[in-house]
Amino acid sequence: MDKQRIKELEEMIQVVLLAIPREISAREFYLQAAKKAVSDSSRLLFSDLAEQEKGHEAELRRILTELKTELKEARGH
Amino acid sequence: MKRENLKNYDGKDGRPAYFAYKGKVYDITGSKLWRNGTHVNRHHAGEDLTDFMSMAPHAEEVLEQCKIVDTIDDEVAEDIFIDRMDRLRDWYRRFHPHPVTLHYPMGLFYFAAFMQLLYLIFRVSAFESAAFYAFIGATLTTIPAAVSGLFSWWVNYQMTLTRIFRMKIIFTLVMLVFGISGCVLRFLYPGISAGTSPLSFSYSALVFLNVPALTIVAFNGGKITWPS
């Protein structure tokens, strides 16, 4: 595994790492919006959006774990 | 079943394939969609897939075709740890202590350097005193800013050491070393700024060098807030 690959993995980890708190904040935002919703349709919409953000976070965490594992292997640990 | 035991049912080497969803354990052993314990090359048997359903192209109704074999006992250490981290993250989002605390050293270090520069130009002692007091304030307020930064790094980024965080940590330490050294020098030699000795030069250098150090920390912090 060359240095270029290690650099790419580190950059990708950084991208994924910075994206996770954004998904958490977005979920929190939609959950609050769902609480404030004045109609069932908007409440459902915000709840669905919050659920999707949870899915994004879970996917990003899964990818992060994979990237960290690959980086560890690339560094020869 | 305890969550940690779920990992044993990964569908590999002839082992049964289970996954958890909303506290229930589903058996998908032998399913064509879960060959060797892997689903669409992304999800693995032996894991809790609750949070992934919203990303799936199918609804949770597909699980009605799967056999429920157990439930997850949530009273295990790992769950308690995850809950605690979620609570800490919630607390951080509500009070965001790092953005609150970091502005004090930022403003004070720049102000201290500006006052020291004015003193060196005009030789008015009030400027030197203002620089010194601002420098003390900046050094002291760097501590809560650094601690809250470490806390944020822990709860939001699992202490993953990427280039951004490495730079922030290194230059925060530089700021603290420069700050403490400068304060000690000025305490020991109150007239240090007036002299022309190497020690006097060193004191002013410490006051001025914390500006680029702080700028590097702030620049990397900005990369977190506005990633490119």
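Modeller: Helices here are DSSP runs of H or I with at least four residues, strands are runs of E with at least two, and both are numbered from the N terminus. Asp90(B) and Arg93(B) both sit in helix H2 of chain B, residues 77–95.

Colleague: What kind of model is this, and how are residues numbered?

Modeller: The model is predicted, with local features needing pLDDT of at least 70 and side-chain atom pairs counting only at pLDDT 80 or more, while totals for chains, interfaces and linings use all residues. Residues are numbered from 1 along each chain as its sequence is written, chains are lettered from A and ligands numbered from 1 in the order in which they are written, and side-chain values use heavy atoms, leaving out hydrogens and water.

Colleague: What makes the contact of Asp90(B) and Arg93(B) a salt bridge?

Modeller: A salt bridge needs a side-chain nitrogen of Lys or Arg within 4 Å of a carboxyl oxygen of Asp or Glu. For Asp90(B) and Arg93(B) the N to O distance is 2.3 Å, so the pair meets the definition. The two residues are three apart in sequence, about one turn of the helix.

Colleague: Why is Asp90(B) called partly exposed?

Modeller: Buried means under 20% relative accessible area, exposed means over 50%, and partly exposed is in between (1.4 Å probe, protein chains only). Asp90(B) has 30%, so it counts as partly exposed. Arg93(B), at 23%, is therefore partly exposed as well.

Colleague: Which salt bridge joins Arg5(A) to another side chain?

Modeller: Arg5(A) meets Glu8(A), at 3.3 Å from N to O. Both residues lie in helix H1 of chain A, residues 3–36, three residues apart, about one turn of the helix. Arg5(A) has 29% relative accessibility, so it is partly exposed. Glu8(A) has 36% and is therefore partly exposed too.

Colleague: How do you know that the salt bridge of Arg3(B) and Asp48(B) links distant parts of the chain?

Modeller: In this bridge the closest N and O atoms are 2.4 Å apart. Arg3(B) is in helix H1 of chain B, whereas Asp48(B) is in the loop between strand S4 (43–44) and strand S5 (67–71), and the two are 45 residues apart. At 17% relative accessibility Arg3(B) falls under the lower limit, so it is buried. Asp48(B), at 26%, is partly exposed.

Colleague: How many salt bridges does the structure hold, and which residues are linked in a network?

Modeller: There are 16 over all chains. A network of salt bridges links Glu59(A), Arg62(A), Glu66(A) and Arg42(B).

Colleague: What makes Lys7(A), Arg163(B), Arg166(B) and Lys223(B) a patch of positive charge?

Modeller: Patch residues have over 30% relative accessible area and no salt bridge, with like charges joined within 9 Å and nonpolar side chains (Val, Leu, Ile, Met, Phe, Trp, Tyr) within 5 Å. Lys and Arg count as positive, Asp and Glu as negative, and His and the chain ends are not counted. These four residues gather in such a patch on the surface. Arg166(B), one of them, lies in helix H5 of chain B, residues 163–188. Its relative accessible area is 33%, so Arg166(B) is partly exposed.

Colleague: Which residues make the nonpolar surface patch?

Modeller: Phe114(B), Leu117(B), Ile121(B), Phe122(B) and Val124(B) make it, over about 480 Å². Phe114(B) is in helix H3 of chain B, residues 97–122. With 46% relative accessibility, Phe114(B) counts as partly exposed.

Colleague: Why is Asp13(B) called exposed?

Modeller: Its relative accessible area is 71%, which is over the upper limit, so Asp13(B) is exposed. Asp13(B) lies in the loop between helix H1 (3–6) and strand S1 (18–21) of chain B. Its phi is positive, about 50 degrees, although Asp13(B) is not a glycine. Lys22(B), in the loop between S1 and strand S2 (24–27) of chain B, also has a positive phi, near 50 degrees.

Colleague: Why is Glu23(A) called buried?

Modeller: Glu23(A) has 17% relative accessibility, so it counts as buried. This residue lies in helix H1 of chain A. Its C-alpha atom is separated by 9.5 Å from that of Ala58(A), 35 residues away along the chain.

Colleague: What does the domain assignment of chain B give?

Modeller: It gives domain 1 (3–75) and domain 2 (95–225), with bounds from an automatic or database domain assignment. The C-alpha centres of the two domains lie 52 Å apart.

Technical notes:
Areas by Shrake-Rupley, 256 points an atom, 1.4 Å probe, with all protein chains shown as cover. Charge placed at Lys NZ, Arg CZ, Asp CG, Glu CD.
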